[in-house]
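Hi there,

Here is the structure I promised to pass along. Please have a look when you get a moment, and then read on for my notes.

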Amino acid sequence: MEFDVVVLAGGGSTRFGGVDKAMLVLDGMSLLDRVLTATAGAASTVVVGPVRTTYRAVDWTVEDPPSGGPVAGLAAGLAHGTAPIVVVVSCDLPWITEDDVTALVAGLGDHDGFGLRDTDGQEQQLATAYRRTALAQAIHDVGDPRDKSVRRTLAGLDLAWTEPTHAGDDVDTWSDLDD
């Protein structure tokens with residue numbers, strides 16, 4: 001099934017002292033390139049954030065105004081691509097694989113979204129396949145997306161989740177890279 005990808009890579013990396021988290025290297029590859037490898041099967045890929053060097057060609061965009069948070073990033077990313085399914089991933093998911101992305105798209109069923117849970121069971125809205133129409137409507141309904149909560153914005157969607165998996169673990173601290 002055809003899908004587009006929106007990669008959120010515009011955060012301030014405050015817990016990393018301002019170091020660009022997307023460009024942190026794990027096992028010889030940046031976190032952003034690891035996510036781009038996992039999503040290589042997409043019909044189109046847009047990265048929301050500053051332009052960086054990546055291993056494959058992607059489209060780039062930023063929210064307007066910049067630094068508006070992940071919901072504003074989602075709104076900017078949704079302006080790209082036309083596939084009925086959009087896989088949303090943050091750039092800090094270094095253990096997600098192409099098989100995980102395929103499973104998200106295949107698992108969507110009749111739901112508005114199907115996403116990963118991390119190893120602690122936390123639902124990862126930024127590691128989820130969504131129906132484009134449902135995601136776009138949720139973002140439209142929130143009004144100005146700047147500085148809005150992802151969880152509250154997507155609370156009205158019918159979302160289903162995987163069992164807890166390492167693929168859903170994100171990197172929020174330096175120690176997370178050691179997992």
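Below is what I found, beginning with the sheet and moving on to the salt bridges.

One thing to keep in mind from the start is that this is a predicted model.

The sheet

The sheet is open and has 7 strands, in the order E5-E4-E1-E6-E8-E7-E9, with mixed pairing. The edges belong to strand E5 (59–61) and strand E9 (159–164); each has a single partner strand, so one side of each is left without a neighbour in the sheet. From one strand to the next, the twist averages 25°.

At the E5 end, the partner is strand E4, residues 44–48, which pairs with E5 in the parallel sense over 3 bridges. If you want a spot to zoom in on, Val47 stands opposite Trp60 in E5.

Helix H2, made up of residues 70–78, packs on the sheet. There it touches strand E1 (3–8), E4, E5, strand E6 (85–90) and strand E8 (123–131). The direction of H2 makes about 145° with that of E1.

The salt bridges

Side chains of opposite charge can pair when their charged atoms come close. How many salt bridges does the structure hold? There are 5, and three of them are described here.

Let me start with Lys21 and Asp92, whose closest N and O atoms are 2.9 Å apart. This salt bridge links distant parts of the chain, as the two residues are 71 residues apart. Lys21 lies in the loop between E1 and strand E2 (25–26), while Asp92 lies in the loop between E6 and helix H3 (98–106). Are these two residues buried or exposed? Both Lys21 and Asp92 are buried, meaning that each has under 20% relative accessible area.

Another salt bridge joins the side chains of Glu123 and Arg117, at 3.9 Å from N to O. Glu123 has a relative accessible area of 27%, so it counts as partly exposed. Arg117 is partly exposed too, with a relative accessible area of 24%.

Then there is the salt bridge between Asp147 and Arg146, with the closest N and O atoms 3.9 Å apart. Asp147 counts as exposed because its relative accessibility is 58%, and the cut-off for that class is over 50%. Arg146, at 32% relative accessibility, counts as partly exposed.

Happy to talk any of this through whenever it suits you.

Best wishes

Key: Residues are numbered from 1 along each chain as its sequence is written. This is a predicted model: local features need pLDDT of at least 70, side-chain atom pairs count only at pLDDT 80 or more; totals for chains, interfaces and linings use all residues. Side-chain values use heavy atoms; hydrogens and water are left out. Two strands pair if DSSP finds at least two bridges between them. Helices (H or I, at least four residues) and strands (E, at least two) are DSSP runs, numbered from the N terminus. Axes are lines fitted to C-alpha atoms, for helices over the stretch in contact, and angles run from 0 to 180 degrees between N-to-C directions. Contact means heavy atoms within 4.5 Å. A salt bridge is a side-chain nitrogen of Lys or Arg within 4 Å of a carboxyl oxygen of Asp or Glu. Buried means under 20% relative accessible area, exposed over 50%, partly exposed in between (1.4 Å probe, protein chains only).
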